[in-house]
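Please walk me through this structure, beginning with its cysteines and then turning to the way its helices pack.

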Amino acid sequence: MTDDKLMRRAIQLAKKGRGKVSPNPMVGCVVEKDGDIIGEGYHEKFGKAHAEVVALEKAGSEAENATLYVNLEPCNCHSKTGACTDEIIEAGINKVVTAMEDPNPEINGQGIEQLRNAGIEVDVGILEEEAKRLNRGFIKVMKEGRPWLTLKLALTTDGYIGDSTGKSKWITSNDSLKYVRDSRARHDSVMVGRGTVMKDNPSLLPNNKEKFIPYRILIDESLTIPYKVNLVNDDYTDRTIILTADDEKEKRWNEFEKRHINIVQTNRLDIGWIDLYAGLEDIAEEGVTSIYCEGGGRLAGSLIERGLVDELQIFIAPKIIGEGIKSFSGIKKPLDDAIQLQWNEVKEFGQDIMLKGKLA
């Protein structure tokens, strides 16, 4: 089997930990000897054994003089699960192939150095881009201190996210909705503003609730959301985080905390709106590494204007309503100073078109 094939298997295994390992990265591992896989594993849950340890345990004594494939540099930190580099050396592994170095400054290159100093051959860079995409949230937190943020908006052809009455269900097709649900499942959390909750009262839950349920992040700068809405009144309130700038409503804080809702208090800007840059850093402190933001217009406009969007998904439906809710509220730019975007992908979902890109 080729290095690419074995590393692709490691990445496939790593994906099984999605939503269960944050703030740790998703990691999969394969141990190969004489053309056969003799052990494999993945990091199943935060606090449990790392992928390398699981794979080596399955390989047992056969691991001696074998090759180990892992999508992220093995750690050399003696945390609650021990150092993976020590386990690799003790097992007698002859060669380690890793897709990328660990961006964690406490590890970055040191795990590789320890292995090489022990006489183990180490190759770095096999399927590196795929590995980086898998753990882009973890990388973002390590390098910039905030989660990866994907902003999704569903628009009419004339650029509105809702009609003049506030109705926005459903602008786009079932095919688009399915893609959105799949995208949610690739993120730790789903984020909405208070206005979206008041208009649509979403649950933001997957169809299959027996699997991973993302955190539901509500931006409510003044902490005035009614108790009756789904995000604070259903059976999954322990997966709700309210990001607020309020520090006065002690009674409301207590009521939400009784419902097992996590209240995260952050800064307020001079203009009265929440400081989203600081807020995202605070969210990262809660162990969230990636966010799928579904608006509304004020939140979308603020994120775009502050340069906090890492990926943009714009769904355009073949509908015209003439007037309604703006897609990027609050942005007022002359054409010469327009915020520039770069489209990387175009897809069709039924009659809808999706543009995927980023800030230029």
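The paragraphs below take up the cysteines, then a pair of helices, and finally one helix with its surroundings.

The model is a predicted one, and its count of disulfides comes to zero. A disulfide is a covalent bond between the sulfur atoms of two cysteines. For Cys75, the closest cysteine sulfur belongs to Cys84 and lies 3.7 Å away, and because a pair has to be within 2.5 Å to be counted, this separation is too far for a bond. Cys75 is buried, with a relative accessibility of 8%, and Cys293 is likewise counted as buried, at 0%.

Helix 3, which spans residues 84-91, and helix 4, which spans residues 110-117, have axes that come within 10 Å of each other and cross at roughly 20 degrees. Since angles under 35 degrees count as roughly parallel, helix 3 is described as roughly parallel to helix 4. The crossing of these two helices is right-handed. On the side of helix 3 the contact is made by Thr85, Asp86, Ile88 and Ile89, while helix 4 contributes Gly111, Gln114 and Leu115. Sorted by class, the residues in this contact are three nonpolar, three polar and one charged.

Further along the chain, helix 6 covers residues 136-144, and its buried residues include Arg136, Gly137, Phe138, Ile139, Lys140 and Val141. Among the elements that cover these buried residues are helix 5 (128-134) and helix 10 (276-285), together with strand 6 (148-156) and strand 13 (311-317). Just after helix 6 comes Gly145, whose phi is positive, at about 80 degrees.

Methods: Residues numbered from 1 in each chain as written. Predicted model: local features only at pLDDT ≥ 70, side-chain atom pairs only at ≥ 80, totals over all residues. Heavy atoms only, no water. Buried < 20%, exposed > 50% of the residue type's maximum accessible area, 1.4 Å probe, protein only. Axes fitted to C-alpha atoms, helices over the stretch in contact; angles between N-to-C directions. Helix = DSSP H or I, 4+ residues; strand = E, 2+ residues; numbered from the N terminus. Parallel < 35°, antiparallel > 145°, perpendicular 65-115°, else oblique. Left-handed = near helix turned anticlockwise from the far one by under 90°. Contact = heavy atoms within 4.5 Å. Nonpolar A, V, L, I, M, F, W, Y, C, P; charged D, E, K, R; others polar.
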